[in-house]
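Q: Could you walk me through this one before I go back to the bench? I'd like to start with the charged pairs and then move on to the packing.

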Amino acid sequence: MGEFIEAVGIFIAFVLAVVFALVLVIGLTALTTIACVVVLPLQYFLAMEARIDAEVDDISELETGWLGGITGVARHDDQARTFPHYFFGPVGTDFWGIINDAAGRFGRAIDTGWSVGSDELDDGGYIGTTVGVGIWIGMVLGTAGGGALTILIGAVHFLVSVLAIVIATVAGVVLRGADAMLRYAAGVRMTCPVCAQTVRPYATYKCSGCDERHRDIRPGRRGVVGRVCICGARLPTLLLVGASRMTALCPKCGARLPPRFGKTPDIVIPVFGSVKAGKTQLIYMLVLALQALVTERGGSVSFFGDTQGELDRIGETIAVTGSPSPTVAKPPEALVLQIRLGSHERYLYLFDAAGELHYRDVGLDELRYLDKAGTLVFVADPLAADGVWARLSPDQQGDLAAIRSERAEAELSYELPREQIRRMGAKGRAIRLAFVVTKADALASSGIRAEHDTVRHLVEDAKGLDMGNIVRDAVGSFGSVEFFETTAVADESGSPDATIERLAAWLMRSEGIRFEGS
Amino acid sequence: MAEYSYRRFRLLVLILTLGTLLVGVASLVYLLLWPG
């Protein structure tokens with residue numbers, strides 16, 4: 001009986017031990033599995049987190065990675081002076097770096113789990129063996145589950161990266177398009193006032209931090225909304241997002257461009273005509289007239305670069321000798337006026353080339369601004385016409401001989417630039433021409449002007465300027481032709497003549513700025 | 001060369017990855033608990 005009871009006791013103890021062991025194994029398996037399923041995928045995020053503040057040691061490594069090779073991030077004008085955009089190279093390097101780091105962490109976590117299980121098994125005995133088996137089974141199940149989840153996270157990370165690359169590419173294209181469209185709508189032509197070439201594709205911008213010159217800041221592989229200079233300074237990529245606040249340079253000639261270049265519409269007005277036609281004096285008075293017209297209406301006119309100095313030099317020469325010094329025969333820099341009037345803001349580029357350049361093929365090639373203009377000013381010297389000259393008194397002829405143009409040059413100075421404009425591909429019908437007869441005071445005193453109803457009649461008439469053939473060509477070649485007579489002298493108060501104000505108002509009106517009452 | 005890390009972009013990718021996973025898991029749970 002006693003033996004039976006003892007056997008039953010042993011059996012019950014055995015059953016209890018087995019049940020306890022099973023509960024322990026199942027419990028530890030479950031706990032280990034859960035721990036693995038949580039801890040192993042966590043390694044991926046820890047790897048991502050560890051990389052967040054990793055500094056760039058070697059840009060070329062980022063550019064020559066698998067993604068950098070596909071996007072060609074290194075093939076850029078500013079490769080040496082900017083960090084590549086994250087989504088066009090570094091994101092790929094980071095992806096593989098995170099995979100490798102996560103794999104290492106994953107392996108170490110598994111090793112730790114296995115070694116804990118192994119230690120328990122090595123301890124032996126009932127508890128150690130049970131715990132070790134539970135941990136091992138849990139490790140097998142947890143590694144499978146955690147591994148699957150980690151692969152899922154890696155796949156999501158990859159898809160997020162690919163999506164970001166696509167969005168960054170599309171955003172770059174959209175931003176470039178929007179920038180170009182807004183510039184077109186605002187009438188921004190981006191002409192360099194020094195070399196007169198179109199600033200294309202974009203101005204060169206100086207880094208605000210290190211003066212490094214960025215040749216192509218537009219959205220792309222080196223930055224979408226902003227880019228990072230090699231010095232660490234952040235720069236905007238577009239005029240739309242603040243590039244106009246930086247110092248802009250012409251990519252062709254390196255000249256400094258006016259503030260807010262590309263944001264403020266530019267008006268290019270070339271003034272052409274023969275030597276001694278009175279172009280420089282006309283431009284000088286035109287600037288005075290514009291200043292008067294704008295400031296009287298609450299606006300302001302400011303000058304860029306050497307414009308103020310050049311105007312002062314012209315003004316001083318006129319005050320001393322009565323006429324400006326002959327313009328040097330070289331490609332002209334524009335006089336740049338910034339006009340602010342109400343909601344209007346414009347840059348006005350007045351190009352004044354030496355007369356000789358208008359009838360020399362080599363000189364004409366240098367007048368690159370001719371096809372950039374919406375409005376041209378042709379200056380005709382009435383004294384060049386023999387009919388007009390013959391009507392002047394000997395005293396007048398003596399006084400005016402020094403400022404009289406050659407007749408042949410006067411015609412060539414219209415015909416050759418007009419031909420050059422055609423050669424340059426500009427659409428003449430889209431251009432307005434101001435046909436300006438200067439020295440109107442001499443015409444009035446000789447009585448010739450009174451014999452003609454209109455300025456056009458004066459220009460066409462054989463007894464006047466005898467330029468009927470030029471007028472016919474101009475009317476057929478340009479969108480509109482307006483005739484002006486001007487007296488490019490100031491009155492005692494220094495105000496320009498009313499004839500100049502009329503011309504100034506017409507020029508501004510033809511470029512979209514209206515002066516009330518003018 | 002200045003010291004520079006792509007901190008903001010890396011954080012963005014981390015947040016987007018985590019967010020996508022959370023939204024995916026939440027959607028899965030929703031579909032499992034309230035099928036149809």
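A: What follows takes up salt bridges, helix packing, the second chain and two single residues, and all of it comes from a predicted model.

Q: Okay, how many salt bridges are there over all chains?
A: A search of the whole structure gives 27 salt bridges, counted over all chains.

Q: Which residue does A:Arg81 meet in a salt bridge?
A: The side chain of A:Arg81 pairs with that of A:Asp78, with an N to O distance of 2.6 Å. Side chains of opposite charge can pair when their charged atoms come close.

Q: And are those two buried or exposed?
A: A:Arg81 is buried, and A:Asp78 is buried as well.

Q: Which residues are linked with them in a network of salt bridges?
A: A:Glu212 and A:Arg227 join A:Asp78 and A:Arg81 in a network of salt bridges.

Q: What about A:Arg183, which residue does that side chain meet?
A: A:Arg183 forms a salt bridge with A:Asp179, at 3.1 Å from N to O. Both belong to helix α5 of chain A, residues 125-186, and because they are four residues apart there, about one helical turn separates them.

Q: Why does A:Arg183 count as buried?
A: A:Arg183 counts as buried because its relative accessibility is 16%, and the cut-off for buried is under 20% relative accessible area. Its partner A:Asp179 is also buried, with a relative accessible area of 3%.

Q: Then there's A:Arg313 and A:Glu310; where are they, and how many residues apart?
A: They lie three residues apart in helix α7 of chain A, which covers residues 307-321, so about one helical turn separates them. Their side chains meet in a salt bridge with an N to O distance of 3.0 Å. Here A:Arg313 is partly exposed at 42% relative accessibility, and A:Glu310 is partly exposed too, with a relative accessible area of 30%.

Q: Switching to packing: at what angle do α1 and α4 of chain A cross?
A: Helix α1 (residues 2-51) and helix α4 (residues 90-123) of chain A cross at roughly 135 degrees, and their axes come within 8 Å. That angle makes α1(A) oblique to α4(A). The crossing of α1(A) past α4(A) is right-handed.

Q: Which residues of the two helices meet?
A: From α1(A) the residues include A:Val39, A:Leu40, A:Tyr44, A:Leu46 and A:Met48, while those of α4(A) include A:Phe95, A:Ile98, A:Ile99, A:Phe106 and A:Ile110. By class, the contact of α1(A) with α4(A) has 14 nonpolar, three polar and four charged residues.

Q: And how do α6 and α15 of chain A pack?
A: Helix α6 (residues 279-296) and helix α15 (residues 498-510) of chain A pack at an angle of about 75 degrees, with their axes 9 Å apart. The two helices, α6(A) and α15(A), are therefore roughly perpendicular to each other. Among the residues that make the contact are A:Leu282, A:Met285, A:Leu286 and A:Leu293 of α6(A), together with A:Ile500, A:Glu501, A:Leu503 and A:Met508 of α15(A). Sorted by class, the contact of α6(A) with α15(A) has 13 nonpolar residues, no polar ones and one charged.

Q: What does chain B have, in helices and strands?
A: Chain B has one helix and zero strands. Along the principal axes, its C-alpha atoms fill a box of roughly 55 × 10 × 5 Å. Of the 36 residues in chain B, 25% are buried.

Q: Back to chain A: where is A:Gly113?
A: A:Gly113 is in helix α4 of chain A. With a relative accessible area of 13%, A:Gly113 is buried. Apart from its neighbours within four places in sequence, A:Gly113 is in contact with A:Ile135 and A:Met139.

Q: How far apart are A:Gly113 and A:Ser323?
A: In sequence they are 210 residues apart, and in space 97 Å separates A:Gly113 from A:Ser323, C-alpha to C-alpha.

Q: Last one, where does A:Ala255 lie?
A: A:Ala255 lies in the loop of chain A between β5 (248-249) and β6 (266-273). At 15% relative accessibility, A:Ala255 counts as buried. Between A:Ala255 and A:Cys192 there are 8.1 Å in space, C-alpha to C-alpha, although the two are 63 residues apart in sequence. Leaving aside neighbours within four places in sequence, A:Ala255 is in contact with A:Val194, A:Ala248, A:Leu249 and A:Cys250.

Conventions: Residues numbered from 1 in each chain as written. Chains lettered and ligands numbered in written order. Predicted model: local features only at pLDDT ≥ 70, side-chain atom pairs only at ≥ 80, totals over all residues. Heavy atoms only, no water. Salt bridge = Lys/Arg side-chain N within 4 Å of Asp/Glu carboxyl O. Buried < 20%, exposed > 50% of the residue type's maximum accessible area, 1.4 Å probe, protein only. Axes fitted to C-alpha atoms, helices over the stretch in contact; angles between N-to-C directions. Parallel < 35°, antiparallel > 145°, perpendicular 65-115°, else oblique. Left-handed = near helix turned anticlockwise from the far one by under 90°. Contact = heavy atoms within 4.5 Å. Nonpolar A, V, L, I, M, F, W, Y, C, P; charged D, E, K, R; others polar.
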